[in-house]
Amino acid sequence: MLTGAREVEVFEAARGRLEAIAYRLLGSASDAEDAVQDTFLRWQSADREYVETPEAWLTKVLTNLCLNRLTSARARRETYVGQWLPEPVFAGDRMLGPSDTVEQRESVSIAMLTLMERLSAKERVVYVLREAFGYSHAEIAEVLDVTESNCQQIYRRAKQHLAADRRRVEVDTAAARKIVEEFLAAALSGRTDALVRLLADDAISVGDGGGVLFSLPRPITGAVRVARFLRGLFKPSAAKWSLIGGKPELFSTIANGVPALALMVEGKLVGVVSLEVTADGIAAVHAQVNPAKLDRAAGQWGISEHGEPLTVPW
């Protein structure tokens, strides 16, 4: 039986994995933190004499808490102002979880987290635990209190819902910076054709302002339309800068495994623009400027090394 400091030690050893699971299930860093904390409270009050495998027990409790949160989150998103995007997380944050396989890295991209919104709650649990954490169907069935064959059926449905025609290109820090610099140069050039050359033909642009900052009510699709929108968005304007608190400094970074721009105003993170890159070019531009969704990223930014801001001809 675990007691005192040992019970805390066991939980803290599992916290990173629990955060990574919760983030993939919820698409929200703040909700993931809350779910993990609630799991800890249940761990403290549990009769641990009957807990044979703490990891399995904690995973099951966390998953059930996330299932409840997914139901309420869906209801909230029906009344969400504008477009909804997951919260971005910068490279180095333990919430990104394991990254040894392509599937693990793919499961935490903004594009995949957004795509997983089309899954039922159980489909999302099965897909995440199987693809990102390598749980067997028998183990997942135990977590969800379903049969193993039912778990396999749920997994097949999830895979069908998430079937994609292309996979993003994986990049290191140097390659990410080059992509960001090329994107920024094209966006600031004032020329639509410069941006079109970088974009995939069916590129999409999505922005989340949460009703606090202006964002379009629907995604913009198609390379030309996205290029025109971005050209206007990146055109220097004192009026635009006033909406975010001042003239921003732009940094190249990696968020959720893809090249990204971090926008900073007087040391405060005010936006993250993520670029999903495929063999066909930049397939998606995701702009997160909702202040309520930047807390985790801002905290990580404050304790990490991020170099000098990009030179911007403003």
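How many residues does helix 9 have, and what does it reach from its first C-alpha to its last? In this predicted model, helix 9 runs over residues 173-188, which makes 16 residues, and it reaches 22 Å from first C-alpha to last. At 1.5 Å a residue you'd expect 22 Å, and the helix comes out close to that.

Now for the two ends of helix 9. At the N-terminal end, aspartate 172 acts as the cap, with one of its side-chain oxygens 3.3 Å from the backbone nitrogen of alanine 174. Past the other end, just after helix 9, there's glycine 190, whose phi is positive at about 80°.

Which residues of helix 9 are buried? They are Ala176, Ile179, Val180, Phe183, Leu184, Ala186 and Ala187. Look down the helix axis and these buried residues fall within an arc of 165°, so they line one face of helix 9. Flip to the face turned away from that buried side and you'll find the exposed residues Ala174 and Lys178.

So what do the buried residues of helix 9 pack against? Their partners include two helices, helix 10 (192-196) and helix 11 (223-233). They also pack against strand 3 (249-255), strand 4 (258-265), strand 5 (268-278) and strand 6 (281-288).

Elsewhere, another pair of helices is worth a look. The axes of helix 6 (residues 121-131) and helix 8 (residues 148-161) come within 8 Å and cross at roughly 90°. Helix 6 and helix 8 are therefore roughly perpendicular to each other. On the helix 6 side, the contact is made by Lys122, Glu123, Val126, Tyr127, Arg130 and Glu131. Helix 8 brings Cys151, Ile154, Tyr155, Arg157, Ala158, Lys159 and His161 to that contact.

Finally, a couple of loop residues with positive phi. Aspartate 145 has a positive phi, near 60°, and is a residue other than glycine. Glutamate 266 isn't a glycine either, yet its phi is positive at about 50°. Here they are side by side:

| Residue | Phi | Loop | Relative accessible area |
|---|---|---|---|
| Aspartate 145 | near 60° | between helix 7 (137-144) and helix 8 | 60% |
| Glutamate 266 | about 50° | between strand 4 and strand 5 | 81% |

Why does aspartate 145 count as exposed? Its relative accessible area is 60%, and exposed means over 50%, so aspartate 145 makes the cut. Glutamate 266, at 81% relative accessibility, counts as exposed too.

Methods. Residues numbered from 1 in each chain as written. Predicted model: local features only at pLDDT ≥ 70, side-chain atom pairs only at ≥ 80, totals over all residues. Heavy atoms only, no water. Helix = DSSP H or I, 4+ residues; strand = E, 2+ residues; numbered from the N terminus. Expected span 1.5 Å × (residues − 1). Buried < 20%, exposed > 50% of the residue type's maximum accessible area, 1.4 Å probe, protein only. Arc of directions from axis to C-beta. Contact = heavy atoms within 4.5 Å. Polar contact = N/O pair within 3.5 Å; in protein donor to acceptor, adjacent residues only side chain to side chain. Axes fitted to C-alpha atoms, helices over the stretch in contact; angles between N-to-C directions. Parallel < 35°, antiparallel > 145°, perpendicular 65-115°, else oblique.
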